[in-house]
Amino acid sequence: MALLHRAEIRPTKLELLAAWLPGQPWFAGGTGAEVERVAAYRFDDPAGEVGIETLLVRVGDGPVHQVPLTYRDAPLAGADDRLVGTTHHSVLGERWVYDGCGDPVYAAALADAILAGTGQAEEFFEVDGRREVRPPNMTVAVDGTAAAGAPGDGGERIATDTADLAVLRRPAEEAALTGRVLTGTWADQPTPLPLAYAWPRR
């Protein structure tokens, strides 16, 4: 489960992305337009130390982009090239925000979600000692078979000790991939759309 805080964040996640996205080789949005949040989903870090959230965003009239983010309370060693920026969280203090595709905690969570069926995290607030669940604004599910190998092209590849992964940065664009897939649906996308693939290493 993901514990959320009613907090002020400066700069906001979307403000960080507005500065970071145009510099990414897979970015296909416009310039000078605001970053619009389309939907989001979260995974759990079993250790409870790293926040893991994937944002689906659009810039101007460009395509939907998938941006996995991790939130840490200290810099991640060796990941300076994946740093999106730092932000101040009014409850948690300074947070280092990373592109999840370069964070091993995200990679492990994605592999578990697809291959072990752990799925997305339930989100909740603590309100006067009670747990208040926040309904998700999108749903992810798993489809396909867990065949070894990573055939075809498409997506940003991530290698772990147990799996090979591919994250589709622009989910609406077809990828020549087969295998076990994480799909997503949201208000404007009722038909399941591939988000990421995983192939176990055998």
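**A colleague's notes on the cores, helix α2 and R169**

1. Let me start with the largest nonpolar core. Of its 27 residues, F43, L110, M138, L165 and L182 are the ones that touch the most other members. Two or more residues come from each of β3 (35-43), β4 (51-59), α2 (104-116), β10 (138-143), β12 (163-167), β13 and β14 (189-200). The top contributor is α2, which gives seven residues. Apart from this core lies another one, of 16 residues, and W26, L55, V57 and V84 are among them.

2. A word on what we are looking at: this is a predicted model. The protein averages a pLDDT of 86, and 85% of the residues score at least 70. By element, strand β5 (residues 64-72) has the highest confidence, at 96, while strand β1 (residues 2-4) has the lowest, at a mean of 46. Please read the start of the chain with that in mind: over residues 1-5 pLDDT stays under 50, and the model has 22 contacts beyond four places in sequence for that stretch.

3. Now the overall picture. The protein has 14 strands and two helices. Its 202 residues include a buried share of 44%. Among contacts with a separation of 6 or more, 61% are between residues 24 or more positions apart. The protein exposes about 10,100 Å², and carbon and sulfur atoms supply 49% of that area.

4. Helix α2 deserves a paragraph of its own. It has 13 residues and reaches 17 Å from its first C-alpha to its last, close to the 18 Å expected at 1.5 Å a residue. At its N-terminal end, D103 acts as a cap, with a side-chain oxygen 2.9 Å from the backbone nitrogen of V105. After the helix comes G117, with a positive phi near 75 degrees.

5. Which residues of α2 are buried? They are Y106, A107, A109, L110, A111, A113 and I114. The spacing is worth a look with helix geometry in mind. An α-helix has 3.6 residues a turn, so residues three or four places apart point the same way. Y106 and L110 both belong to the buried set of α2, and the next two points take them in turn.

6. Y106, in helix α2, counts as buried at 0% relative accessibility. Leaving aside neighbours within four places in sequence, Y106 is in contact with F43, I52, T54, P68, T70, G100, C101, I158 and V167. For P68, 38 residues away along the chain, the C-alpha separation from Y106 is 7.9 Å.

7. L110 also sits in helix α2 and is buried, with a relative accessible area of 0%. Beyond its neighbours within four places in sequence, L110 is in contact with F43, L165, V167, L182 and A196. Three of these names will be familiar: F43, L165 and L182 are listed with L110 among the core residues that touch the most other members. The C-alpha atoms of L110 and A163 are 9.9 Å apart, with their positions 53 residues apart along the chain.

8. What does the side chain of R169 make a polar contact with? One partner is the side chain of D99, at 2.8 Å, and a polar contact of 2.9 Å joins R169 to the side chain of E156. R169 is placed in the loop between β12 and β13. Even so, R169 is buried, because its relative accessible area is 6%, and the cut-off for buried is under 20%. Setting aside neighbours within four places in sequence, the contacts of R169 are W26, V64, H65, Q66, V67, P68, R82, D99, C101 and E156. W26 is also named in the 16-residue core, and P68 and C101 are contacts of Y106 too.

9. Finally, T183. This residue is found in strand β13 (residues 180-186). Is T183 buried or exposed? It is buried, with a relative accessible area of 12%. Outside its neighbours within four places in sequence, T183 is in contact with T139, V140, A141, P192, L193, P194 and L195. The elements β10 (138-143) and β14 (189-200), like β13, give two or more residues to the largest nonpolar core.

Notes. Residues are numbered from 1 along each chain as its sequence is written. This is a predicted model: local features need pLDDT of at least 70, side-chain atom pairs count only at pLDDT 80 or more; totals for chains, interfaces and linings use all residues. Side-chain values use heavy atoms; hydrogens and water are left out. Helices (H or I, at least four residues) and strands (E, at least two) are DSSP runs, numbered from the N terminus. Buried means under 20% relative accessible area, exposed over 50%, partly exposed in between (1.4 Å probe, protein chains only). Contact means heavy atoms within 4.5 Å. Accessible areas come from the Shrake-Rupley method with a 1.4 Å probe; for residues, only the protein chains shown count as cover. A nonpolar core is a set of buried Ala, Val, Leu, Ile, Met, Phe, Trp, Tyr and Cys residues joined through side-chain atoms within 4.5 Å. A polar contact is a pair of N or O atoms within 3.5 Å; within protein, one must be able to donate a hydrogen and the other to accept it, and residues adjacent in sequence count only if both atoms are side-chain atoms. pLDDT is the predictor's confidence in each residue, from 0 to 100. The expected span of a helix is 1.5 Å times one less than its number of residues.
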